[in-house]
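Thanks for coming. I will take a few minutes to walk through one structure, starting from one pair of residues and working outwards.

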Amino acid sequence: MTSTTDANADAPTPDGYGELRAQLDTLTTEAFRPELAEIDQLPTREIARIMNGEDTTVPAAVAEKLPQIAAAIDATAERMARGGRLIYAGAGTAGRLGVLDASECPPTFNTDPSEVVGLIAGGPSAMVKAVEGAEDSKELAAADLDALGLTADDTVVGISASGRTPYAIGAVEHARGKGALTIGLSCNAGSGLAAAAEHGLEIVVGPELLTGSTRLKAGTAQKLVLNMLSTITMIRLGKTYGNLMVDVRASNEKLRARSRRIVSLATGASDEEIETALAATGGEVKNAILTILGGVDGATAATLLADSDGHLRAALAAVRTT
C-alpha cells in the first residue's frame, strides 16, 4: 500500500519546487520534531516553559563560534577604521534584523546613517510585508549594493537562517568580487552562504519549536551575533570609554539625561561642572569628558580627539604627556 506521504512525494510539482523541497528537507532549521506534534494541546504555561528552554540553548551555540566571530569583527573594524562601511543584506526576518541593528547605531554610537546600512530584499516596504520573489534574486542584491557605491573598504554581511537565500548569497558574492570584506551568517552547517563568504559564521541552533519558523531560535542567534558585530566593532573604533557610550547622540530627553549620567560616571564631576563642559562642547559627551579629565577647553578637546581618531583614552594620554 502506498502511503499518502509517498504519493505526495511522487506527485508532479511546479518547476523547481521539487528541488527546493528536497533542499529544505536537508536543513536543520527546517527539521520536523515529532515530539512537539501535540504542542497545541498543552497548557499555555507548559508551551511557554518549553519555548523558554529552547531559547536557553542559543547562547551556547553562539559561544561555539566565538573565535570565528572575533576574527570577523577585527577584520570589520580594520576596514571601518579606514572609512569603510558595515552593510547588512538579507531577506525576511534576517533582513529585518540587519535593518534593526543598523538603525540603532546612529543614536547609540553617533554614527552617520550611511556608516552602518541594512539592506532588505524588496526594499523598505519588505520590513512589514513580504515582497514577491525578492529573496530569490542574486541580481537584486548586486544592484542594491551598486546603488550604495560599494568599495573595497566596505564589509558586507549576508544574513540567512537557511544559508541558501539567493539574495544573501548574491550580496556576498558580488561584494567579494569587488574586493569588500564578506561575512556569511547562517544557522545551518555546510551552507552556501558561509562557503561564499570570507568569514563564514554558522550558528547551528537546531530545529525550531514551530517547524521552519526561523524567526525563533535562528532569529535570536542572528540578533546576538549582529549585536556583537556592531557593538564590538564600535568599541574597537573608540566609540566607548570603558563600558560607557561616550558617543551617544542626545536626541531626546532620555538620552540627554543619559549623557549627563555618562559624564558623571566617567569623571565624578559635579552637576555644575558637567553642564559647563557640555555647553563648551556642543553637548558632545566624549569631548565634555576630555575637558574635565584633561583640563582642556572645548576647542582643544575637539583637536585632540580628531588627532586620536576619536579614541578618548588616546586623547587623554596625549594630554598627560604634554
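**A sheet and one arginine**

Let me start with a pair: Ile87 has Val156 as its bridge partner in strand 3. Please keep in mind that this is a predicted model.

That pair belongs to a wider match. Strand 1 and strand 3, residues 155–159, run parallel and are joined by 5 bridges.

Now the whole sheet. It is open and has 5 strands, in the order 2-1-3-4-5, with parallel pairing. Strand 2 (116–120) and strand 5 (199–202) are at the edges; each has a single partner strand, so one side of each has no neighbour in the sheet. On average, neighbouring strands here are turned by 15 degrees against each other, ignoring direction. As a general point, strands in a sheet pair through backbone hydrogen bonds, parallel or antiparallel.

Across strand 1, strand 2 and strand 3 lies helix 6, residues 92–109. Helix 6 runs at about 160 degrees to strand 2.

Next, Arg85. Arg85 sits in the loop between helix 5 (66–81) and strand 1 (86–90). Is Arg85 buried or exposed? Its relative accessible area is 16%, and the cut-off for buried is under 20%, so Arg85 counts as buried.

What does Arg85 touch, leaving aside neighbours within four places in sequence? The contacts include Met80, Ser114, Glu115, Thr151 and Asp154. Asp154 is 69 residues away along the chain, yet the C-alpha atoms of Arg85 and Asp154 are separated by 4.7 Å.

Finally, the side chain of Arg85 reaches the backbone oxygen of Leu148 at 2.9 Å. A polar atom of that side chain also lies 3.1 Å from the backbone oxygen of Gly149.

Methods. Residues numbered from 1 in each chain as written. Predicted model: local features only at pLDDT ≥ 70, side-chain atom pairs only at ≥ 80, totals over all residues. Heavy atoms only, no water. Helix = DSSP H or I, 4+ residues; strand = E, 2+ residues; numbered from the N terminus. Buried < 20%, exposed > 50% of the residue type's maximum accessible area, 1.4 Å probe, protein only. Contact = heavy atoms within 4.5 Å. Polar contact = N/O pair within 3.5 Å; in protein donor to acceptor, adjacent residues only side chain to side chain. Pairing = 2+ DSSP bridges. Axes fitted to C-alpha atoms, helices over the stretch in contact; angles between N-to-C directions.
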